[in-house]
Amino acid sequence: MTFELSHVALLGISYLLLLFGIAWITERGWIPDSVTSHPITYILSLGIFASAWAFYGVIDLAFSYGYGALAYYLGTGALFLFAPVALAPLAELARRHQVHSLADLLVFRYHSHAVGALTTLCMLLGILPLMALQIQAIADTMHILTVSGNPSLPLQGTGLTFKDLMALCYCAILALFTILFGSNREQHRGLVTAMAFESLLKVCALCAVGLVAVYGIFDGLGGLDEWLADHPENIALLHTPIRDGSAHTLLLVFIATAVTMPHIFHLGLAENPLMRNSHTVTWAFPLFLLLMALPVFPILWAGFELAVPLPAQYFTLGVPILLNSPGLTVLAFLGGLSAATGAMIIITLALATMVMNHWLLPSFRLRARHDIYRQLLWLRRMLIAAIFLGGYLFYWILDNRYSLTNLALLAFIETLQFLPGTFAIMFWTKGNRRGMLAGLAAGTLIWAAGLLVPVLWRLETLTLPFIDVVIPVGIERWSDVTLLSLGVNTLTFIIISLVTRQTEDELYSADLCAADELSHPVRQALDVHSALEFKTRLAKPLGKVTASREVDIALAELNLSINERRPYALRRLRDQIEGNLSSLMGIHVASEIMDTHLPYQVAEARDTVDINLMESRLSEYRDHLTGMAAELNNLRLYHRKTLEELPMAVCSLGRDMEILMWNRAMAELTETPGEEVTGSRLDDIAEPWRSLLIEFSNSSEAHYYRREIELNGRPHWVSLHKAAIEGTINVGVYDQVILLEDVTETQLLEQELVHSERLASVGRLAAGVAHEIGNPITGIACLAQNLRYESENPDILETADQILSQTDRVSRIVQSLVGFSHTGHNKKSDFQAVILRDCANEAIQLLSLQKDKNQVLFINNIAPKAIVAGDTQRIIQVFINLLSNARDASPEQGQVILDSSEDEYSIIFSVTDEGPGIAPEHVEQIFEPFFTTKEPGEGTGLGLAMVYSIIDDHGGYLDITSPADTVHNRGARFTIKLPRHIDSVL
Amino acid sequence: MTNQRLVILLLLIAYIFSPTLFTWIINPEGAWYRPYIMWVLVIIIAFVIQLRKKPSISRRHLHD
């Protein structure tokens, strides 16, 4: 069965078109999100792990090593099975620090550019055989389909043959597609979907061939068992190689592939959200590998049964051909093509990024500053083309001399050399860059001497210089070379790491990598004070446009504004920009740019833990916390809430005056929400808090009592207290916690208390004075009494009477003053029935004697039955005071009306005048002693205070209505309610 | 980290039974697909573990 060349070419090209079409329409959003971001899509995209070698070569491996071939799947399967432990930390590290390749990761961990460069070199050397393997598989299968009617391979070493040309064309087209599509980082999702499709196709093709092998050739599993019983040598083939050691070495060779192979790292760790968020990968990827591994032995045996005239590695294609099934043949061919294509695309992308980031960008500066993106894009395109060319040249030099298995071993053994360095990323902080460089170099040298050089130059033995020892080398000795190179590598790494010292930076990165993410978020100080400054600083290395664009992107990603000034936010901004830049031009160049132009101030490094960063990370990752960490986090949340909801204003400050916490009461008191100030410096908050807090935090006093500040135009009083918190890392470094107490209420109450205390003392003074006046008044009264007996003149007699009555009044006033200062001394049991009307009349009588005052008309409408319980003299005093006030306020010939009403228990009477009324601001004050609106010397200010005090003593109430006459807006009404005299009611 | 004792127990059991298991797997008398059966079992166990892991995560969501 032969296919026309044009048909095969058409198949290949249409397949590529389909693959890139899928990527393209995914980017256009034509495939629903539920498909493109489904976990299955991601897991299938990881399937690029199974390259053409897993499609064809593994059959050969099964032929040579029996069950040992499964090692290829088991190593990687186990790594993914334990992904939450083995891979997730690496993936998290990769995401957090924007690491996109193993070289980036190693550079980050070992803090050395040389590590990146050497890793890239070793990776290139190791991966070129893998590229050659894919190309060889494509060339061979095309050749099998087209040239040879009876499928067989051309003789090896025939130079540039037709099939080499076909492979070259395919490589060229693939390179073109990769350049057009894959060189742009943005189109990642399309790539993932296309790779998922590629994996689906190859797993279906392989399973289809496997099913046809079992059911078409052996008539089902029963038939296969019978056939195996008839051919026991095949069963023996399964088990024998396991016993002779090399199968175990195979397991070692394949164990590290998931981490060290660039294409798997690229899709699996660097760009795969699944690895971090879900455990699905732990069972789904081993399941995928199972599906890939199941058909291996049936296909091998079917090939034997049909006596396929091809090497075992092409049985997958040979079986359908010999079955004369064109459909299945095409499917098998496409499966293989698909496997090779997928792996080549991702390998090239990953290697291009590595070479660019670790070789090109560090060694020469980008020329024109204005369009950095375009330069990077073109650089990447050229690199992609160069790597395809390199892979093809390697294939061409090898000239089909080696089987796919040989090439795969060559590649895998070299990538194995990264294992010690990678292992140390997470598990050995003492490993340093000298050890890593020496180990990797030693391992690679042994590999190159033992395998690569002999393969390229067809050597069988190698003579060691100087000592003339001849040692056998070459691909046949792969097992020894593996053990030796890895052993020497590991030993060198360990010994040199132990002997030499780590730099400070390296140790810091090592700690960062080894422990979990919250270990050392040390707060470092930036000397940049606004987001805008980032643009000006970065304009130097990146050019104005690029710098501005990068800062804007990072700001948008962090949801910050360009006016941002908080140090905490600026630190996050710096990290974000560094991450974005490192995905653009590699971790080394990015960190160099940032360290040169936006350096952290080293002096403050490691002083203070970045509480804000730690908090935000904890809340981000709380779902990842398990066991004790989760419990501790709950405890932290509880304590945080306690502080947050504390009904007192609390804030805490770092040593550099950065606000670390600002609780809810603080936000209410200062009217500044916590989100706005947390992470900013004290200098940035609003007045008057800024100066108050800065002054307090700098002062040596632990308390400030009653500081007066002005808030919204009104005075407020706050007390401040502070305490020092010892830093968690360094002993002797203190943060501060400050407590603010709003004591405005207390302050006002106290002021009022002091005021009334002063009034009371003045009252006591007045009482004392009154007492002293009492004696001369008694004298005057005695003299007036005597005058009555010494004269008959009626005028003199009347004058004497007047004097007596006036002195009587004076002594009553004096008594009442004394009484005022001893309020509450009257006993209620002494109260008698007091007829209000009579009291009022007596008061009117007395007032009418004062001829010099306003003459007003008193109208006494108080009911005669209005009888209250009280002291007659004191009630008269009330009337005198109220009526005299009313008279003084009234106009000449005005009316003062007295009225009364009653209810079951009380008598209510009122005095209403026609004066101007009482100003509202005075209403509160007129009962205070010594308050008067009269001219100085006119009133004592005691009248109404006394009224109030008397009414209070009688258990009554007093009320003022002003204006009483709302029509004319004049007059005041004093309404008094007194308890009735119960006996007089009965 | 969550339960060290369980891990130690598991390792002990694995150590004791691994030779028996390995002999059984590659026993030439048995079916050729025995290793695959073990493989499927491991996948099922991983799947069950993953299923049981989910509820605890959502519960913690409620707490916070």
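Okay, chain B first, and how confident the predictor is about it. This is a predicted model, and the pLDDT of chain B averages 71, with 72% of the residues scoring at least 70. The weak spot is residues 56-64 of chain B, where the pLDDT is below 50. That stretch has seven contacts in the model beyond near neighbours in sequence. Where pLDDT is low, the predicted coordinates should not be read in detail, so please don't stare too hard at that part. For the model as a whole, the scores are ipTM 0.77 and pTM 0.68.

What is chain B built from? It has two helices and zero strands. Of its 64 residues, 5% are buried.

Now over to chain A. Here we have 986 residues, and 44% of them are buried. You'll find 43 helices and 18 strands in chain A. If you take contacts in chain A between residues at least 6 apart in sequence, 75% of them join residues at least 24 apart.

So what sits in the middle of all those contacts? Let's talk cores. In soluble globular proteins, nonpolar side chains tend to be buried together. The largest nonpolar core in this model has 207 residues, and the ones touching the most other members are Ile59(A), Ala62(A), Ala69(A), Leu300(A) and Ile413(A). Which helix gives the most to this core? That's helix α21 of chain A, residues 326-363, with 21 residues. Click on Leu300(A) if you want a way in: among the residues it touches are Ile59(A), Ala62(A) and Phe315(A). Apart from this core there is another one, of 40 residues, including Leu836(A), Val856(A), Val868(A) and Ile876(A).

Next, a single residue I like: Thr119(A). You'll find it in helix α9 of chain A, residues 113-146. Is Thr119(A) buried or exposed? It counts as buried, because it has 28 C-beta neighbours inside 10 Å, and the cut-off for buried is 20 or more. Leaving out residues up to four places away in sequence, Thr119(A) touches Leu102(A), Ala103(A) and Leu106(A). And have a look at Met436(A): it is 317 residues from Thr119(A) in sequence, but the two C-alpha atoms are 9.9 Å apart in space.

For contrast, go to helix α33 of chain A, residues 627-645. This helix is hardly covered, with zero buried residues among its 19. We can also check its length: at 1.5 Å a residue, α33(A) should span 27 Å, and its end C-alpha atoms are 27 Å apart, so the two agree.

Last stop, a sheet. Strands of a sheet pair through backbone hydrogen bonds, either parallel or antiparallel. This one is an open sheet of five strands in chain A, in the order β8-β7-β11-β10-β9, and the pairing is antiparallel. Why do β8 (659-662) and β9 (703-711) of chain A each have one side without a neighbour in the sheet? Because they stand at the edges, each with a single partner strand. On average, neighbouring strands of this sheet are turned by 25° against each other, ignoring direction.

Zoom in on β10(A), residues 714-726, and β11(A), residues 734-742: they pair in the antiparallel sense over nine bridges. For example, Lys722(A) has Ile738(A) in β11(A) as its bridge partner. Finally, helix α36 of chain A, residues 689-698, packs on the sheet and touches β7, β9, β10 and β11 of chain A. The direction of α36(A) makes about 130° with that of β11(A). That's my tour, thanks!

Conventions. Residues numbered from 1 in each chain as written. Chains lettered and ligands numbered in written order. Predicted model: local features only at pLDDT ≥ 70, side-chain atom pairs only at ≥ 80, totals over all residues. Pairing = 2+ DSSP bridges. Helix = DSSP H or I, 4+ residues; strand = E, 2+ residues; numbered from the N terminus. Axes fitted to C-alpha atoms, helices over the stretch in contact; angles between N-to-C directions. Contact = placed C-beta atoms within 7 Å. pLDDT = per-residue confidence, 0-100. Expected span 1.5 Å × (residues − 1). Buried ≥ 20, exposed ≤ 12 C-beta atoms within 10 Å, placed from the backbone. Core = buried A, V, L, I, M, F, W, Y, C linked by C-beta atoms within 7 Å.
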